[in-house]
Amino acid sequence: MGAANLSNAAAIVGAAESDVIGYPEDLTGHKVTSLQHHIQAIKNVSVQTGVPISEIQGIFSAGWSGELAEHLGVTPRYLDTTSVGGCSFQIHVHHALAAIHAGIIDIALVSHGEAGWSYRGGGGGGGGGRGQISPGAEMTAAYGTFGAPSQYAHAMVRHFHQFGTSQEDFAHISVVTRDWAQLNPRAVMYGKKQSPFGGPITVQDVLDARIIAWPLTLYHCCLVSDHGGAVIVARPEVARSLRTNPVWVTGAGESMGHQNILEMEDFTATSASRSSATAYKMAGLGPQDMEMAMIYDSFTITAGITAEMLGLAPRGKGYTLWKDGHAAPGGRLPINTNGGGLSFNHSGMYGMQLLVEAYRQLSRTAEDGVNGIEGKQTQATTCVVNGTGGTLSTTGTLVLTSDDR
């Protein structure tokens, strides 16, 4: 049976964040809960698009959908609680695209809120927060890999061995994402006022930073912060009627390689090769057609490997996109233009931040004094967005295109 052609069956029509992101406890004197981040972002995207909350027909979130429906006072036709880590939100957009194409709903909400900083130590950590250790995690811990840094360190060491790369090669990813953060006033690492570690960094700074899990130093690792984000996905007829610029979901795919990292066949290859192949095929486009990329960067190794899996660089050469300046401001393939999970914000599951920034760039709203300053807005008309869940486990890939393409 042939797959239905979902390309451009729906558009993202708005994207917004919660009011205070990053370290809100430091800024406001009180904690903001994960639910508050959800609700603030939903309200903001409703105001942005002019879509009343009462018209939301489908709710997609990583485990929160029923509670959100109750708090919003809506009775949705469609609920999706898929929670597979940081790529959940790319997968939600894929599922919303299918539900809209099937005629079940016309308007979908994808929402995420995570108080990764305010409630650190309370569970979660990118997997949905089940509150107890899984048998797979127990088995992994027995081999000395407990916690994300120790596991991703194995992937980086394997990349060193297999392709002759080095800490310095991957350090360029940290430096370039920090360059982008200098154009984003909401970035945690925008400057010293936001964080004592903020401001520009050099490759040597990355190499000299304290070791977290060799060979990962502090600047090879993502932030821990608070964030809420929401996007609205709508049928084309609805998208055309709104005051915001639509960004079309031209391709979508999802895949999984393993759950436990000990079952990973190749530490230098992820399921993003499959999820992106599906998305590119649906879109009728390929990696050579992408003018921008939003890539999950929980660690520098995540971004480097994923770039290779998306076909944006040859195997073993993903880091060169950053090292050679292609991913940097003014480069031919801007990547993570908000500053990424390394320097903008990473609440635990980073996929929502990828969606929000991709929408802002392709809708031409990334340079408005809140979402960015002069130099942040690109002219890209195509963007590949890839989220990663678990420990390089599950992936969701979207190909998004601007309305003026």
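**Close-up views of a predicted model**

**View 1. A salt bridge joins the side chains of Glu357 and Lys376.** In this predicted model, the nitrogen and oxygen of the bridge between Glu357 and Lys376 are 2.8 Å apart. The two partners come from distant parts of the chain, since Glu357 belongs to helix α14 (residues 351–362), whereas Lys376 sits in the loop between α14 and β10, and 19 residues separate them. Glu357 has a relative accessible area of 2% and is therefore buried. Lys376, with a relative accessible area of 0%, is buried as well.

**View 2. Asp169 and Lys323 form one of the nine salt bridges that the structure holds.** The closest N and O atoms of Asp169 and Lys323 lie 3.2 Å apart. This pair, too, links distant parts of the chain, with Asp169 in helix α7 (residues 167–181) and Lys323 in helix α12 (residues 320–323), 154 residues apart. The surroundings of the two partners can be read from their accessibility: Asp169 counts as buried because its relative accessibility is 7%, while Lys323, at 38%, counts as partly exposed.

**View 3. Glu308 and Arg315 meet through their side chains in a salt bridge.** The N to O distance between Glu308 and Arg315 is 3.6 Å. Glu308 is buried, having a relative accessible area of 6%, whereas Arg315 is partly exposed, with a relative accessible area of 38%.

**View 4. Salt bridges connect Glu17, Arg186 and Arg360 in a network.** When looking at this view, the reader should locate the three residues Glu17, Arg186 and Arg360 together, as they are linked to one another by salt bridges in a network.

**View 5. Strand β10 (residues 382–389) is mostly covered, with eight of its eight residues buried.** The covering applies to both faces of β10: Thr382, Val384, Asn386 and Thr388 are buried on one side, and Cys383, Val385, Gly387 and Gly389 are buried on the other. Strand β9 (residues 293–295) runs parallel to β10 and is joined to it by three bridges, and in this pairing Met294 stands opposite Val385 of β10. Strand β11 (residues 394–402), in contrast, pairs with β10 in the antiparallel sense, over eight bridges, and here Val384 has Val399 of β11 as its bridge partner. The strands β10 and β11 form a hairpin with four residues between them, and in the turn Gly390 has a positive phi of about 65°.

**View 6. Ser402 lies in strand β11 and is joined to Asp404 by a polar contact between the side chains.** The distance of this polar contact between Ser402 and Asp404 is 2.5 Å. Ser402 has a relative accessible area of 4%, so this residue is buried. Leaving aside residues up to four places away in sequence, Ser402 touches Trp248, Leu362, Arg364 and Thr381.

**View 7. Among the six aromatic pairs that the structure holds is the stacked pair of Phe60 and Tyr78.** A pair of aromatic rings is described by the distance of the centres and the angle of the planes. The ring centres of Phe60 and Tyr78 are 5.5 Å apart and the planes stand at 20°, which is why the pair is stacked. The pair links distant parts of the chain, Phe60 being in strand β2 (residues 58–60) and Tyr78 in strand β3 (residues 78–80), 18 residues apart. Phe60 is buried, with a relative accessible area of 0%, but Tyr78 counts as partly exposed, at 25% relative accessibility.

**View 8. Phe170 and Tyr319 form a tilted aromatic pair.** The rings of Phe170 and Tyr319 are 6.2 Å apart from centre to centre, with 50° between their planes. Distant parts of the chain are linked by this pair, because Phe170 is in helix α7 and Tyr319 is in the loop between α11 (300–309) and α12, 149 residues apart. Phe170 and Tyr319 are both buried, and ring pairs link these two residues with Phe160 into a cluster.

**View 9. Lys31 lies over the face of Tyr119.** In this last view, the place to look is the ring of Tyr119, from whose centre Lys31 is 4.8 Å away.

Notes. Residues numbered from 1 in each chain as written. Predicted model: local features only at pLDDT ≥ 70, side-chain atom pairs only at ≥ 80, totals over all residues. Heavy atoms only, no water. Buried < 20%, exposed > 50% of the residue type's maximum accessible area, 1.4 Å probe, protein only. Helix = DSSP H or I, 4+ residues; strand = E, 2+ residues; numbered from the N terminus. Pairing = 2+ DSSP bridges. Polar contact = N/O pair within 3.5 Å; in protein donor to acceptor, adjacent residues only side chain to side chain. Contact = heavy atoms within 4.5 Å. Salt bridge = Lys/Arg side-chain N within 4 Å of Asp/Glu carboxyl O. Phe/Tyr/Trp six-rings, centres within 6.5 Å; stacked < 30°, edge-to-face > 60°. Lys NZ or Arg CZ within 6 Å of the ring centre and 35° of its normal.
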